[in-house]
Amino acid sequence: MTDEIDGNAVSAQIRSELEASIDQLGESGVTPGLTTVLMSEDNASQTYVSMKQRACENIGIDGQTQELDADQPAEDLFDLIDDLNARSDVHGILVQMPVPDHVDKRRVFRSVDSMKDVDGFHPENVGRLVAGNARYKPCTPHGVQKLLESAGVKTEGKEAVVVGRSDIVGKPMANLFIQKAPGGNATTTLCHSRTTDLAAKTRQADIVVAAAGLPEFIDGSMLSEGTTVIDVGINHVDADNDKGYKLVGDVDFASAKQKADVITPVPGGVGPMTITMLLYNTVKAASLQTDVPVDLP
Ligand code: NAD
């Protein structure tokens, strides 16, 4: 029997434990604050920002959204980031990606105060992650670690194959797997668009994390029996329904399930975890900035 991980259930469990952490902060008069900055007219970005806002409200985080027009000068964004960096009631700052082309994404990552960088994209936080001393683990790969833990999948000594080398998913995922720490200690292969014979790599894996953004491209023929398959992909494909589209992952679920021992669905797998781990990092940020200790899930 294949174990299908229910990302919504794992996420709900972590969120309920986070509520207790938020209560601990509240006893010292601290309300964690997260400000999301949106500089885009992109529908998907607007949806993500409103989902984050709602998640904050539901759990007791002071979630605020600041919007800029996509054609505003880049300096307006950097001035806003400076203002948010200076505010003691804002513990976390998230600039929704992608930013417009005239804004230097790397400068955005550098500009957010590293203590408030709840995405974990600031070079200092990336360096800490690589060095094995993470302050804020990037939300999606951290969510994957929590899903594996919830399913009782051990990473130690296992062959992990990460497909995709983006700064937000693939690279930090591989960096977490190689750490000498719980959820790490895996022998890790990072595959990407120039990898030759991807199937040979994934067939050797005990754990495959798919994050390439290609609909259903990893199928059962690319997996060995007993693999754990974590599907990060979220792809819109045409469908004969009211919306005219449906969401699929990077994994062909039906054929992969024939081989996998453990698998995540899309939707309802990794997706719910990303915002949950953002809430986690915001609570941690509030604790670090106010010196109020909290127990984190
Ligand atoms: P990205 O587009 O930045 O990077 C894709 C990566 O895939 C690249 O590093 C590229 O080298 C690699 N790649 C492309 N073609 C490949 C091939 N044929 N073989 C092997 N590797 C190949 O993507 P991203 O931002 O990391 O997102 C990946 C997917 O995950 C997307 O579908 C995205 O929507 C989804 N995503 C989901 C969540 C979530 O919360 N579940 C969060 C972030 C991203």
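Here a visitor and a guide talk through a predicted model and the reasons behind some of its labels.

Visitor: Why is the link between arginine 106 and aspartate 167 called a salt bridge?

Guide: The closest N and O atoms of arginine 106 and aspartate 167 are 2.9 Å apart. The cut-off is 4 Å between a side-chain nitrogen of Lys or Arg and a carboxyl oxygen of Asp or Glu, so the pair qualifies. Arginine 106 sits in helix α4, while aspartate 167 lies in the loop between β5 and α7, 61 residues apart.

Visitor: What makes Arg106, Asp167 and Lys171 a network?

Guide: Aspartate 167 takes part in two of these links. It forms a salt bridge with arginine 106, and its side chain also meets that of lysine 171 at 2.8 Å, N to O. That is how the three residues are linked in a network of salt bridges. The structure holds six salt bridges.

Visitor: Why is arginine 135 called buried, and what is glutamate 124 called?

Guide: Buried means under 20% relative accessible area. Arginine 135 has 12%, so it is buried. Glutamate 124 has 35%, which falls between 20% and 50%, so it is partly exposed. Arginine 135 and glutamate 124 form a salt bridge, with their closest N and O atoms 3.1 Å apart.

Visitor: Which label fits lysine 171, buried or partly exposed?

Guide: Its relative accessibility is 37%, so lysine 171 counts as partly exposed.

Visitor: How do you know that β8 and β11 are paired?

Guide: Two strands need at least two bridges between them to pair. Strands β8 and β11 have two bridges, so they pair, and they do so in the parallel sense. Threonine 228 stands opposite valine 262 in β11.

Visitor: What makes β1 and β6 the edges of the sheet?

Guide: The six strands form an open sheet in the order β1-β11-β8-β7-β5-β6. β1 and β6 each have a single partner strand, so one side of each is left without a neighbour in the sheet. Helix α7 lies across β5, β6 and β7, running at about 170 degrees to β6.

Visitor: How do you know that the largest nonpolar core lies between domain 1 and domain 2?

Guide: This core has 45 residues. Domain 1 (28-114) and domain 2 (139-272) both give residues to it, so the core lies between them. Helix α10 gives the most, with nine residues. Val209 is among the residues with the most contacts inside the core. Beyond its neighbours within four places in sequence, valine 209 is in contact with residues including Val144, Phe177 and Ile230.

Key. Residues are numbered from 1 along each chain as its sequence is written. This is a predicted model: local features need pLDDT of at least 70, side-chain atom pairs count only at pLDDT 80 or more; totals for chains, interfaces and linings use all residues. Side-chain values use heavy atoms; hydrogens and water are left out. Helices (H or I, at least four residues) and strands (E, at least two) are DSSP runs, numbered from the N terminus. Contact means heavy atoms within 4.5 Å. Axes are lines fitted to C-alpha atoms, for helices over the stretch in contact, and angles run from 0 to 180 degrees between N-to-C directions. A nonpolar core is a set of buried Ala, Val, Leu, Ile, Met, Phe, Trp, Tyr and Cys residues joined through side-chain atoms within 4.5 Å. Buried means under 20% relative accessible area, exposed over 50%, partly exposed in between (1.4 Å probe, protein chains only). Domain bounds come from an automatic or database domain assignment.
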